[in-house]
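User: Hi! I'm new to this structure, could you walk me through it?

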Amino acid sequence: MSDLAREEQWSAWMRAAIGGDAQAYQRFLTSVTPHLRTMARRRCAQFGAPASEAEDVVQEVLLSIHLKRGTWDPSRPIAPWISTMIRNKLIDSLRRRGSHVDVPLEDVMAVLQIDDQAQTQERLDVDRVLKTLKEPQRTIVQAISVEGSSVRETAGRVNMTEGAVRVALHRALKALSLTYRSQ
Amino acid sequence: MKTDELINMLSEDSIVRFRLSHALTLAFVAAILLAGTLFFTVMGFRPDIEAALTSLRFVFKLVVTAVLFLVAANLMVRIGRPGAWVLPWELALLLVPVLMAVSVLAELVVLPAGDWAAQMIGHNAHECLSLIPLLSIGPLAAFILALRQGAPENPGRAGAVAGLAAGGIAAAFYASNCTDDSPLFVALWYTMAIVIVTGAGYLAGRRWLAW
């Protein structure tokens, strides 16, 4: 896929996502992740961080992209936004993990143009945070993440309104990001 | 948790409830209402406002504070947006010291040297130093709150820009109350007051704008 086509595709997915299209958003995140993983691995290797941390970094960056997606202006191209976002968060995350890092924006742009289909998903910081969740938040998170249930299905299961499930989910994600920051 | 599972979680939270641009629009409305209400209930225009509007010195005071506000506001709406081009607006901020310097030079030329000190000290230094920060508290709080929706690369700097914008609004309101119109007074006391607000913004940014 050409860079331009990919960017158009990402923008279209993201626009739909902002309006509440969960499927489009999932496609967007799934499509961005391999690029992110390539960058994270490269940086971890370069700065002597254990390779096992790369996936934690990937998740942390994904979470930031998610919580800050409201800063993207849908009338502007998505590439400068996402590159800057990834660069800043990569630096942040690696630095917190004890490396002195400098990631040039050009490198991020270059890697965004590579198709890396490597699929490895490893253990996570996330789990530590999820252990601290109380019910019904824990069940909600478990159902949506591991089992891939939708908010609607989950709401039926825990006997809550969809709105309440959405709020619980959003709070869990915020809690996760707070934990990263206080590390 | 696997990354795919995290993505499942994120996608079910896809809808954006509150965009940065909406937050900033609300903050501007709140800032002007807060500063305006405080100004008109506690201070108000100077009694000779109509005559003052024909004085170049007075009008210049309004212009320079308005320019500060407008440029800082434009920078502020971009600084929380990753990938936005902020450099032109950062450079535009230099317009304010340049305007100040030109007006100070002009004042030094037209005023006899014996009057310089008296004009610079003026009559309202205390009011200036206390009322500008006071008027900027509401706007600064509104801006910092809105910028929490943003993703600034440097939280301290973003806070400082919010401080400049808040100081600009406050100074523009206060300027229409203050009877010291000499650029020498403005260059000294207004600058000092705005530096205080900017410093407060910087600290607030470091504290509340990290993400």
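Analyst: Happy to; we can take the chains, the interface and some single residues in turn. This is a predicted model, where local features need pLDDT of at least 70, side-chain atom pairs count only at pLDDT 80 or more, and totals for chains, interfaces and linings use all residues. Residues are numbered from 1 along each chain as its sequence is written, chains are lettered from A and ligands numbered from 1 in the order in which they are written, and side-chain values use heavy atoms, with hydrogens and water left out.

User: Thanks! How many helices and strands are there in chain A?

Analyst: Chain A has 9 helices and 0 strands. Both kinds of element are DSSP runs numbered from the N terminus: helices are H or I runs of at least four residues, strands are E runs of at least two.

User: And what percentage of chain A counts as buried?

Analyst: Of its 183 residues, 49% count as buried. Buried means under 20% relative accessible area, exposed means over 50%, and partly exposed is in between (1.4 Å probe, protein chains only).

User: What about contacts between residues well separated in the sequence of chain A?

Analyst: Taking contacts in chain A between residues at least 6 apart in sequence, 66% join residues at least 24 apart. A contact here means heavy atoms within 4.5 Å.

User: Which feature does UniProt place on chain A?

Analyst: An unreviewed UniProt entry places "domain: RNA polymerase sigma-70 region" at residues 34-98 of chain A. UniProt positions are given in the numbering used here, feature names are shortened, and annotations may be inferred rather than shown by experiment. In the model, that span is 72% helix and 0% strand, and its end C-alpha atoms lie 24 Å apart.

User: Let's switch to the interface. How many residues does each chain give to the contact?

Analyst: Chain A gives 54 residues and chain B gives 30 residues. Between them the two chains bury about 3,700 Å², with 60% of that on carbon and sulfur atoms. Buried area is the accessible area (1.4 Å probe) that two parts lose on being put together, summed over both.

User: Why give an area at all?

Analyst: The size of an interface is often given as the accessible area lost when the parts come together.

User: How many residue pairs are in polar contact across the interface?

Analyst: There are 19 such residue pairs between chain A and chain B, both residues being at pLDDT 80 or more. On the side of chain A that touches chain B, the largest share comes from H4(A), with 8 residues. By class, that side has 23 nonpolar, 18 polar and 13 charged residues. For the classes, Ala, Val, Leu, Ile, Met, Phe, Trp, Tyr, Cys and Pro count as nonpolar, Asp, Glu, Lys and Arg as charged, and the others, Gly among them, as polar. A polar contact is a pair of N or O atoms within 3.5 Å; within protein, one must be able to donate a hydrogen and the other to accept it, and residues adjacent in sequence count only if both atoms are side-chain atoms.

User: How many salt bridges are there between chain A and chain B?

Analyst: The count is 1 salt bridge. Arg87(A) pairs with Glu153(B), their closest N and O atoms being 3.4 Å apart. The rule asks for a side-chain nitrogen of Lys or Arg within 4 Å of a carboxyl oxygen of Asp or Glu.

User: Are those two residues buried or exposed?

Analyst: Arg87(A) is buried, with a relative accessible area of 14%, whereas Glu153(B) counts as exposed at 55% relative accessibility.

User: And how many salt bridges over all chains?

Analyst: The count comes to 12 salt bridges over all chains. Arg87(A) lies in helix H4 of chain A and Glu153(B) in the loop between helix H8 (125-147) and helix H9 (155-175) of chain B, so that pair joins two chains.

User: What does Asp181(B) form a salt bridge with?

Analyst: Asp181(B) pairs with Lys61(B), with the closest N and O atoms 2.8 Å apart. Asp181(B) lies in the loop between H9 and helix H10 (183-208) of chain B and Lys61(B) in helix H4 of chain B, so the pair ties together parts that are 120 residues apart in sequence. Both Asp181(B) and Lys61(B) are buried. Salt bridges that share partners join Arg46(B), Asp48(B), Lys61(B) and Asp181(B) into one network.

User: One last stop: where does Thr65(B) lie?

Analyst: Thr65(B) lies in helix H4 (residues 56-79) of chain B. Thr65(B) is buried, with a relative accessible area of 3%, and its side chain reaches the backbone oxygen of Leu62(B) at 3.0 Å. Not counting residues up to four places away in sequence, Thr65(B) touches Gly168(B), Ala171(B), Ala172(B) and Tyr190(B).
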